[in-house]
Amino acid sequence: MANDKSLVQLLFIGAAGTVTGSKTLLQTHKHKLLIDCGLFQGSKSERKLNKLKKLPFNPSELDGIILTHGHLDHSGFLPVLVKKGFTGPVYATTPSRDITGVILQDSAHIQEEDAREANRKRSEGSKPLKPLYRQKHVNRTMDLFQTYGDNEWVQLDDDVRFRFHKSGHILGSALVELEVEGHRFVFSGDLGQREPLILDGPTTLPEADYIIMEATYGDKLHDNSVSPYQALEEVVKHTFEKGGNLVIPSFAVERAQEIILILNNLMDEKSIPALPIYLDSPMGSGITEIFQRHRDWHNLSEAECDSLTKNVHIIGSFEETLNVLNADGPKSKIIIAGSGMATGGRVLYYLKQLVGDSKNTVLLVGHQAAGTRGHQLSSGAATTEIEGEEFEVKAEISQIGSLSAHADQGDLLWWLGKFERPPKRVFLNHGEEAATRALKKLIEDTYHFPVTVAERNRIYPL
Ligand SMILES: [Zn+2]
């Protein structure tokens, strides 16, 4: 039985039927590798999955974890596995390790705060809730990282080797080409657009036996009718003419840097007035430093890379936040603050101050998921409740659809079409049901490849 190839199997533990909690177990008679180790972040029932006592594998038996990129939904469960006995290596690109470090520290902080808050509200005498993990577990996790460059083979033993290829999603993000006991797998991780703003597009590969592919935008095309440059130019000019402030809720990774780059370029060419830019996101400034450390991993020129901090006021403490709107200088200010869908973070402070005045503009960037405040605002809500207080929405609400870190349906199909020989099977994960269903049909109709939509906790023998 030792050579029975059917003993290779895949198990999708997360990001099956949903876009968070990415974890895929690849198991043979000799090996157990986990590809990504993400936190579930969606609905309450989904987040509950982070707290399951029993995992479908024993963390201490894993040979290693291969990380495609640093986003929380791909890396945020690592400290839980470390708590449960995982001591093996975590393989990642160098920027991914650095981004993961910033993201996990922030995540541990939030877990600790949430547990404290929940315990404060609990009746006396009830057993205190523990955070999912703490700072010390993050520190132990970071000690396990082994980092590699783009395109560099990593030989684990006679039967297993893999390498990372740039995937165009965020800084350091990679797809994984993995050979195990004669089978070649490609795990796409999250794929970027074909032509991202500041990165190389996703690497295409000629062949694979099995392709495990994300389907986040499997049923959607991005609205690229207005370029992000045009959109930002119009919004900034208009807000300046009104004498108001522009507040941009933004993700800390990639999005904040893209917006700063565009604003600086527009100011350099004098297309918009030179207004002060504030980046109020402690995590965002950490990520900007990582951009400046890893210049091989993006397309910014030296000058552009330096400008990510040069013309930007970086706000650290909340005391500084309180001073931003009254700071000297032009009346109009541009404020970029987390979180990206205005569900929490520093941006709430600015919304409270600014959303009630029609002079101001709130610019939403990228997809705003249903149920978020960003979505509510983009749908034209007349009021919004922030931290228990009701606010009238009088500020102008604008939106840019074209800045996305994800490949859309056309990009996904293009990437898959670059394989020169048909794979034995394509597995679709990391997508809501409608997205995976639409993409499966499109792939079958276009390329006639066999496609399986991954189901959570189902074992697929190969
Ligand atoms: Zn991602």
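Below are some worked exercises on the predicted model shown above.

Before you start, note that residues are numbered from 1 along each chain as its sequence is written. Since the model is predicted, local features need pLDDT of at least 70 and side-chain atom pairs count only at pLDDT 80 or more, while totals for chains, interfaces and linings use all residues.

**Exercise 1: two domains**

Find out how the chain is divided, and which classes of residue domain 1 uses to touch domain 2.

*Solution.*
- Step 1: Start with the bounds, which come from an automatic or database domain assignment. Domain 1 takes in 5-220 + 406-461, and domain 2 takes in 228-400.
- Step 2: Look at the spacing. The C-alpha centres of the two domains are 29 Å apart.
- Step 3: Count the touching residues, where contact requires C-beta atoms, placed from the backbone, within 7 Å. Domain 1 brings 14 residues to this contact and domain 2 brings 15.
- Step 4: Sort the domain 1 side by class. Here Ala, Val, Leu, Ile, Met, Phe, Trp, Tyr, Cys and Pro count as nonpolar, Asp, Glu, Lys and Arg as charged, and the others, Gly among them, as polar. You get eight nonpolar, three polar and three charged residues.

**Exercise 2: helix 13 against helix 14**

Describe how helix 13 crosses helix 14, and name the residues in the contact.

*Solution.*
- Step 1: Place the helices. Helices (H or I, at least four residues) and strands (E, at least two) are DSSP runs, numbered from the N terminus. Helix 13 covers residues 409-417 and helix 14 covers residues 433-447.
- Step 2: Get the geometry. Axes are lines fitted to C-alpha atoms, for helices over the stretch in contact, and angles run from 0 to 180 degrees between N-to-C directions. These two axes come within 11 Å and cross at roughly 45 degrees.
- Step 3: Name the arrangement. Under 35 degrees is roughly parallel, over 145 roughly antiparallel, 65 to 115 roughly perpendicular, and the rest oblique. So helix 13 is oblique to helix 14.
- Step 4: Add the hand. A crossing is left-handed if the near helix is turned anticlockwise from the far one by less than a right angle, and right-handed if clockwise. For helix 13 and helix 14 it's right-handed.
- Step 5: List the players. Helix 13 offers Gln409, Leu412, Leu413, Leu416 and Gly417, and helix 14 offers Leu439, Leu442, Ile443, Thr446 and Tyr447. By class, that's seven nonpolar, three polar and no charged residues.

**Exercise 3: helix 8 against helix 9**

Try the recipe on helix 8 and helix 9: what is the angle, and which hand does the crossing have?

*Solution.*
- Step 1: The axes of helix 8 and helix 9 come within 10 Å, crossing at roughly 160 degrees.
- Step 2: The two helices are therefore roughly antiparallel.
- Step 3: Their crossing is left-handed.
- Step 4: Thr288, Phe291 and Gln292 of helix 8 meet Cys305, Leu308 and Thr309 of helix 9. The classes come out as three nonpolar, three polar and no charged.

**Exercise 4: buried or exposed?**

Decide whether alanine 407, leucine 300 and lysine 310 are buried, partly exposed or exposed.

*Solution.*
- Step 1: Get the rule straight. A residue is buried if 20 or more other C-beta atoms lie within 10 Å of its own, exposed if 12 or fewer, and partly exposed in between, with C-beta atoms placed from the backbone.
- Step 2: Alanine 407 sits in the loop between strand 19 (396-400) and helix 13. It's buried because it has 30 C-beta neighbours inside 10 Å. Leaving out residues up to four places away in sequence, alanine 407 touches several others, including Leu191, Pro202 and Trp415. Leucine 191 is 216 residues away in sequence, yet the C-alpha atoms of the pair are 5.5 Å apart.
- Step 3: Leucine 300 lies in the loop between helix 8 (282-293) and helix 9 (302-310). With 19 other C-beta atoms within 10 Å, leucine 300 is partly exposed. Beyond four places in sequence, leucine 300 contacts Ile198, Leu261 and Cys305.
- Step 4: Lysine 310 is in helix 9. It has 10 other C-beta atoms within 10 Å, so it's exposed.

**Exercise 5: backbone oddities**

Which peptide bond is cis, and what is phi at alanine 15?

*Solution.*
- Step 1: The cis bond runs from glycine 338 to serine 339, with omega near 5 degrees. Serine 339 is in the loop between strand 15 (334-337) and helix 11 (347-354).
- Step 2: Alanine 15 isn't a glycine, but its phi is positive, near 50 degrees. Alanine 15 counts as buried, with 27 C-beta neighbours inside 10 Å.

Methods:
Contact = placed C-beta atoms within 7 Å.
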